[in-house]
Every structure is written in structure tokens, then in C-alpha cells.
There are 2 protein chains.
Amino acid sequence: MSGSAHHTDAHSPVIRARRIGIDTYQEPVVFMRADCHVCRSEGFQVQARVRVSCRGKSVIATLNVVTESLLPIDDAGLSEAAWRELSAKDGDALEFAHPEPLESFSSVRRKIYGLELGAGEYQAIVRDIAAGRYSGLELAAFVTACAGDRVSLNEIVALTRAMATAGSTLTWPRHPVVDKHCIGGLPGNRTTPIVVAIAAAAGLTMPKTSSRAITSPAGTADAMETLAPVALDLTAMRRVVEKEGGCVVWGGAMDLSPADDILIRVERPLDFDSDGQLVASVLSKKLAAGSTHVVIDVPVGATAKVRSPGAAKVLIEKLAFVGSAVGIEIRAVQTDGTEPVGRGVGPALEARDLVAVLKGDRSAPADLRDRALRLAAEVLRLGRKTVGDGISEATRYLDSGEAWRKFQAICEAQGGMRTPPMAPFRKDFTAPVAARVQAIDNRKLARVAKLAGAPTSPAAGLELHARTGERVERGQPLFTLHAQTSGEMAYAAAYADGHGAPFQLEPL
Amino acid sequence: MSGSAHHTDAHSPVIRARRIGIDTYQEPVVFMRADCHVCRSEGFQVQARVRVSCRGKSVIATLNVVTESLLPIDDAGLSEAAWRELSAKDGDALEFAHPEPLESFSSVRRKIYGLELGAGEYQAIVRDIAAGRYSGLELAAFVTACAGDRVSLNEIVALTRAMATAGSTLTWPRHPVVDKHCIGGLPGNRTTPIVVAIAAAAGLTMPKTSSRAITSPAGTADAMETLAPVALDLTAMRRVVEKEGGCVVWGGAMDLSPADDILIRVERPLDFDSDGQLVASVLSKKLAAGSTHVVIDVPVGATAKVRSPGAAKVLIEKLAFVGSAVGIEIRAVQTDGTEPVGRGVGPALEARDLVAVLKGDRSAPADLRDRALRLAAEVLRLGRKTVGDGISEATRYLDSGEAWRKFQAICEAQGGMRTPPMAPFRKDFTAPVAARVQAIDNRKLARVAKLAGAPTSPAAGLELHARTGERVERGQPLFTLHAQTSGEMAYAAAYADGHGAPFQLEPL
């Protein structure tokens, strides 16, 4: 019964690798002809999971079937993720096999049947997810099985620990290690660099990793990058934190809770409200980053992620329970989630706002300053750097210029402070009549900023000159559009002039 | 606030359609550059759902992101399904928008939260699924939410009705309209044409629609096609049934319960054991086909779909309850699911087996004959064509030649009877020593038959000469491999000679 495996048999034609140029994000996909000998003999169907091997490396990929117009019968196209993981070269001989069964998925089936899973089961599931062994469909099944309050608090703890330990974990020589996080974004809500500057000025350790924009016109890392380099590796980040006590760097390359990024890719399109996944997502990143004390900003509003004070209360209780179980002290704060914050929307424009607050400019947006002070006060209380409510200490660090000097020092340590770029193309949009601003549509606001080029063009975005409830005269500017090219300006302006106008005006 | 939508604005470059040659089965997919103006401005990310419009037609597609090596920035590639539904031509101008919210998915969210859904909700969900509005991830979430005994019997009834009415429904002037179905396939278990011939000979109406192979070496439609045309349209099928009382045609083009085909595409890779979906799948097809009395063959065995008599009992009770609620009388029969049935595996070889049974050849496989008689007897009882257990009547129709004459007449009515093709390449595999057959591996058996070319090459497959428990002498043939080309023969033989040998022998 010995003999060669069929795929190495002399009679079977060799299937060769081809980089096909399709980016399926983290999911490796292989594109093959349904009539090729491998699909026929192995019985591989559309969406089958296939083990693809190439010169000693192997990856589990999802099969997409192609017609003869795309690929010859003896070629297999590889998605960017599969290409990367196999280190393949065009023309490499590939081998194919049925993948070994995904053992941890039997735990997902148990969860589907309503059973409580143990810590070991969550570890196995998360390890397989982080290794890319789950297909999109399997991820959707796992996320669904855990949604709808079907995971107990103990299960959220197990899931959080499993996610944190599936990637890199940071440790810091000092204690406490403070952090802050905002649940669901508000346009312009760029408090983080201000909070870091105040906390570090007060002597706390705050090694902040931030994300780039996923669907918004700017993430914290995008805004910070207009002020200093943010793509630091772990060694460089440590050096900054040792020297200055804090940093604001991009966390994307640090492999913190990598399963989280993969799960988010499925949760976003499904749009589930699952407290369990949300808590595990936030706290696994913090646990992996070595944080011991975390302030969580929970904006509450009709169009925010958390829609009511009651829902916020339930979520905050879960965050506190799980945080305590994994050794993180949590202080969660409900904030107003109905309005954009600050004046600028877009990386450089948001950076200008936060610098104005740090410098104490009289024109600095007061709402951004107030929110940053409130969150910084909670960080100081949590880090035992105040005996009161923290507001007066936080205000003192800001108003004395200590926070601004600390922020400049952090930027220098990260590689050198920069001046945010200014867009060459600017256009004012004015009120056609005297009116009261009835509402500002956050979604349209974000759309206009992205049409103008944000966040890819860092100077692009818009500046708000009026807010909800304010009275504007005829011809008074409502907002200024910023763009780096005339084409983007024309494109965004056409949308803002048309049905995409973000301001709703009530003529007086 | 009037104005042109941005995607028709003069400043935005036009995105043009390109047929990209990727077959994603029923799911429409659009392939675009992440840096194209549409993705940037609309904020479309990988896996986003996008409404794509082309000259008045529109479709909701899933976005895959491509690099510049595959497509220029102003081109959008369309999968085969999207191309078909849009009736697109190369170079057509496309428009893109966020799709309207998928209202019925809020019912899926309610189901995820454990609530019981009403008939109207299942109708809306199934209508959207049949219309292709659910992405793969959304389908996986729905299937998961319904798995694990989370749907009540009343919900299975509602789902069954919704699935049946989402496509075409057939009505027949005569009553009863009998049918049979087998849950999970066994290699060679080709009883259907024999049962149809006996039932029609007895005067019953049995308009049988069958499927082609999905993962097996032959489906009933594939085997039947070697004896007569099976790709009949509804009018032609009606003519056959009116004239002869029965038919065996391919149901794939008849749009019976189209949501079922879409759900199966997701259920198969997830491999869920969900009685609810199984019952709705089987009975929605029967309800849509206009069947009133259905015999269901439930093979039970360790490697069969139903693994224990207890599980079979639970499933049969659900089938009976739901059948009764939707007006179908069900008789479910547990049968042996441990062994392949008959001698041939592959379309033509299975056709030869069933013709041998119908003709009463002394060499006809007794196991196939016995199973067909048992199921035909149940059909006769259900159709009130016997006062006893039905076995003697069924046997009489078979042994008298009436069933064989009826089968020939059905084949003629379907377009003319054919002789199944014989493969030009045949090779015997013999026992290397005197031995007892300990087991036959159904999975390897199917693999060898598919390597030889089945079901695409109708004459390909294999013939079994020994069965489990039998004693074989040295040099005695175990099976004969059939192939239509020397390449396929060499390829299948290499596998069968190697670790793919389907016979497990115990030397004596």
C-alpha cells in the first residue's frame, strides 16, 4: 500500500503559481480552473478550503473558481496574502491537498449548541484564527455564535486572555502603565495626544499605540503622523517611552492581538452589537500592550456606537468585570456622542486643533480642550497623581505649558517634530441665506472630507466654522474645504454643493 | 440642495466594466482598485456590499480589492454572476452606490438574540436570499443563528413554506403526486429510476426531479442521462408525466426552492448538523415540485449523514411534523448506510446496474434490487396502491417486466432511450494474496472514480467485484477501473496503487 501521492505522480500535470493581483486582506485565496485535474480529482468546489504548498511552505486558502479567460488550466492564481505567506515566485510548482480538519471548529459547533466553552477551547480557536486557518464563513459562524449575549462573563475573560496571548505582548519596567481608549469614533475627537502629553508631564507611563483610519477621514495615527513619525518598531518605541514617559505611535505593525484585526474584518460588515466581542477586542489589545490602568471614553448618542445611557452602563460593567479579571483597572466615562469635536476633520487639520489646545491658543476649540481635560483627569486619578477629581491638575499641566513642552519632546524622541502640511486648494462654503444651523450630518461630513482626499492626502479635509444651534448670516462661511489637488477639490465640492451638503439650515 | 449625484459628476472619471473570468457561483463580486476614486470617496473596504448599476440594471455585489497588476484604475472587474445579472458588455460605464439597508437582516439579528421569528420574517429573509442580496458572511450568520436546535417546529414550517414559494412551484392535475428522497448519498445507491418505473407502472404520478453530482462521482441525473435526455424544460416534463405517469429529469433549471441551493453553498463548507435546515431544504423542494406523498430514505451508518438510529428517529419525527403542516404525507425509512450499493460507481456503470435490475438479469446486484423494492413498496403503500406491505406488488411489477417496459417508455418520452457508453480503457485490480475483505473505504472509492473522470466522463468509474466480509483468492479481481482516456486511467491507477487503495484486506 505504499506509493507516491497522486499529486506528485508523473502523469499529473504540474500546477504553477501566478500572482494574480487580488488583495483579499488577510484571507489567502487560490484561484483555479474547475476543470483542472486537481479540482476534479480532489473534488474541490467553490469556497473549499485547500492546503497549498510551495517549496516547503504551506498555507490554507479558500478556493475561487475561474474560467479560461483568466487563467490557463495548469496555473493557479494566488491572492496577495497567499503569495506573501508562501513566498512564491511566478511559475513555482504548487501542490494541493485537503487540509487537516480544523479541530477548534468543533468547539465553535459546541458554542452554536449553546454550551459554555472553557479557556483551552478559546485558546485553540483564537490561535487558529490568528494563524489564518478560519475562512470568512467560519469566522462569521464564530462571531454569530458568540453574539446575542451568548457568552458568559467568564467566557469573555477567557476570550480576552486568548486574544492577548495569541500575538506579541509588551512588558514595561514601570508601574502603573496607563492608557486610554475611545469606543466608536466621533469626527475630530483627537484627544489622545493631549491626554498622553498631560499624563507624561505628570510622570505617568503612557505608551500609546493608535490605529490608522479604517472608514473615517483620519485615525489618531494619521493625525499624529503629520506631527512626528509614528511607524516605530518596538525598540524605538521603548526608547521614546523610557526617555519621555509616553508616546503616540502606530500599533498596526506590533502584532498586538492579531486575531482582533481578523475578527473586526467580519464583524464590521455584519454590524453586530455584541458586548462580548467588543470587550474582548478592546481589553485584549490593552492586555497585550502591557497596560495596567485604562480610561475608556464611551460617547453616547443616537448615531454613536453606544446609543443610550442604559446600554453604556451595561457595557461599562462588563468592561470593569473583565478588566479586573485580567488585571487591568478600568475607569469608563460616558461622554456626549451627538456632535463632531473640534474644528478640523482630516489628519493635518485635526493635528492643528490639538496643537492649538496644547499651546493654549485662544482660538483653540474649547470642546476638544474640555474633553481632553476630562479624560486626562481620569487618567491622573487612575494613576494616583491627584487626590481630587484631577481636573485642576490636568488644567495646570496644560495651562502652564508643561504638557506642550512634553508633547514637543515626545515628537522629537519619535524622530523629529513636523509642522502639519497646509492644503494648496481651499474653498469656502457659505450660508445662502441667514439661517440657524439645525444639524450637521456626521456621515456626510466624513464623506466630503474623504472625497477631498483624507486620510491619504494628509492636508485634505475640512474646517467647520459653525456648529449646531448657531445663527449664521447670509454669506457667512459654514466650512472650508481643503484639498491637495484641484481634481479632488472639484470632486468634493461638487458633492458638497449637491445632495451631500453636511449642514442642515433653517432659514430665519 | 439639489444637484447631481457625485458619481455622475463631470469631474469623476468613469469606471468601466470588464469581464474578469472569476466564477463565484451565485455571489456577485466586483473587483476594484482600492485607490480608485469610488472606493476612496465612498469609503468602500474589502468585503463591502456595493450596488453596481449598468444601463438600468443593478446588482448588489461584494467588493474584492485588486492591485494595479490586474486592473487599471478606471476598470471594475465583474464576476460571472455579476456579469450575467447586469447583462454587461466590456467597456460599459458602471455606477456605484451604497446599497439600501438589508431590512430582513434585522430579523436575523433578532434570531441571533434567540427570539422566535414569524412567517413574514422568514418570507422576507428567504426572498432576499433568493434574490442574491445576502453576502456569504450574512448567509453564514443566518445558518449559524438557525443551527443548534434554535428553530422551533413552527419556525421550520415557516422557513419551508418561505423557501418553496420563493421560486417556481409546480401543480399537477392528478392526485396523489408521489416522490422519494434520500438523505445523504451512498455510492451506487441509484434506486430512484427503478422506484419511478414501478410507481408509474402501478398507475401513480411520480414527476421526479433529480440533481447532478455535487461532490460524488455521480448524481441520479448524471446516471439517468446516460439512458435518456434529462435536461427537459417544464413543458416537456409535463408532457412526459401526462403520457407515462412518471419521469426522471434534472431539476437544476426549474428554479425549485432557489434559496436552498444558495444556503447549501454555505452549509456544506461549515458542515453543520442542523435538522431544521435539513428538513426545510428537503421539504421546500418537494412542496415546490407539487409532491403530496413522499418516501424518505434515511441511510444510517457511522460515515453516513445520519449516524445513529436515535438521530434518525428525531429527524424523521421533524420531517413528519413539518410535512403534515405543509400538506405532504411523509413516510421515512431507515436503511443500512454502512456500505456502497450495487456494483458500479460512475454514471454509466450505475445506469447499467439499474437497467440490470429492471430487466431482471440474473447478474443484477441484489442489494440494489432489494433497496429499490423496499422503497417502491413504501411508495405504493403511501399512494394506496396496495393493501399489504407493498413488497409483493412491487416485486410483481418488477418481475413481470411491467416496470422495465414503463421505464423504456419514460426514456422514449424524455427524448429517446440510449445505451450507456462503455469506457475504452479498463484495468483490473487484483488481490495480491488470498485474503478477506475487511472494509471498503467509501471516500477513497469515490476519489478513485473521480480521478478516472466521473462524472464529467460518463463512462468512467469503477466496478466492484468483492464486498466486505468476502474471501478473495490471490489474483482474483477486486475492482475494475474504467476511464475514457489513457491519461485519466494512469492517473487514477497510480492513486489506487498507492495509498488510495479502497480495499482493506486481511491476509488469510
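1. Start with B:Pro455, which sits in the loop that runs between α17 (442-451) and β16 (461-464) of chain B. The peptide bond leading into this proline from B:Ala454 is cis, with omega near 0 degrees. Please keep in mind as you look around that this is a predicted model. Most residues other than glycine have a negative phi, and most peptide bonds are trans. That background makes a cis bond a good place to pause, and there is another in chain B: the bond from B:His175 to B:Pro176 is cis, with omega near -5 degrees. B:Pro176 belongs to the loop between α6 (153-165) and β8 (178-182) of chain B.

2. From B:Pro176 you can step across to B:Gly383, since these two residues touch. B:Gly383 also touches B:Val178, B:Ala199, B:Leu204 and B:His293, leaving aside residues up to four places away in sequence. You will find B:Gly383 in the loop between α14 (366-382) and α15 (391-399) of chain B. Is this glycine buried or exposed? B:Gly383 has 23 other C-beta atoms within 10 Å, so it counts as buried. For a feel of distance, try B:Phe429: it is 46 residues from B:Gly383 in sequence, and the two C-alpha atoms are 45 Å apart in space.

3. Now turn to chain A and look at backbone angles. A:Arg55 has a phi near 45 degrees, a positive value in a residue that is not glycine. This arginine lies in the loop between β4 (49-54) and β5 of chain A. With 14 other C-beta atoms within 10 Å, A:Arg55 is partly exposed. A:Ser257 also has a positive phi, of about 45 degrees, although it is not a glycine. Its place is the loop between β10 (246-250) and α10 of chain A. How do its surroundings look? A:Ser257 has 31 C-beta neighbours inside 10 Å and therefore counts as buried.

4. Strand β3 (residues 29-33) of chain A deserves a slow look. Five of its five residues are buried, so the strand is largely enclosed by the rest of the structure. In a regular strand the side chains alternate between the two faces of the sheet. In β3(A), A:Val29, A:Phe31 and A:Arg33 are on one side, A:Val30 and A:Met32 are on the other, and both faces are covered. Which strands pair with β3(A)? One is β5(A), in the parallel sense over five bridges, where A:Thr62 is the bridge partner of A:Val29. Another is strand β6 (residues 75-78) of chain A, in the antiparallel sense over two bridges. There, A:Val30 stands opposite A:Leu78.

5. A further sheet in chain A is open and has four strands, in the order β13-β16-β18-β14, with antiparallel pairing. β13 (344-345) and β14 (425-430) of chain A are at the edges with a single partner strand each, so one side of each has no neighbour in the sheet. Inside the order, β16 (residues 461-464) and β18 (residues 477-483) of chain A pair over four bridges, and one of the matched pairs is A:Glu463 with A:Thr480. Helix α17(A) packs on this sheet and touches β13, β16 and β18 of chain A; its direction makes about 135 degrees with that of β16(A).

6. How do the two chains relate? A rotation of 180 degrees, with 0.0 Å of shift along its axis, superposes chain A on chain B with an RMSD of 0.1 Å. That is the relation of a two-fold axis. The same surface serves both copies, as 100% of the contact residues of chain A recur in chain B.

7. The contact between the chains takes 62 residues from chain A and 63 residues from chain B. Several elements of chain A each supply at least two residues to its side, including β5 (57-66), α10 (258-270) and α17 (442-451). The largest share, seven residues, comes from α5(A). By class, the side of chain A that touches chain B has 27 nonpolar, 25 polar and ten charged residues. Pairing of strands also crosses between the chains: β5(A) and strand β2 (residues 22-23) of chain B pair in the antiparallel sense over two bridges, with B:Ile22 as the bridge partner of A:Val66.

Terms used:
Residues are numbered from 1 along each chain as its sequence is written. Chains are lettered from A and ligands numbered from 1 in the order in which they are written. This is a predicted model: local features need pLDDT of at least 70, side-chain atom pairs count only at pLDDT 80 or more; totals for chains, interfaces and linings use all residues. Copies are superposed by least squares on the C-alpha atoms of residues with pLDDT of at least 70 in both. Two residues are in contact if their C-beta atoms, placed from the backbone, lie within 7 Å. Ala, Val, Leu, Ile, Met, Phe, Trp, Tyr, Cys and Pro count as nonpolar, Asp, Glu, Lys and Arg as charged, and the others, Gly among them, as polar. Two strands pair if DSSP finds at least two bridges between them. Axes are lines fitted to C-alpha atoms, for helices over the stretch in contact, and angles run from 0 to 180 degrees between N-to-C directions. A residue is buried if 20 or more other C-beta atoms lie within 10 Å of its own, exposed if 12 or fewer, and partly exposed in between; C-beta atoms are placed from the backbone.
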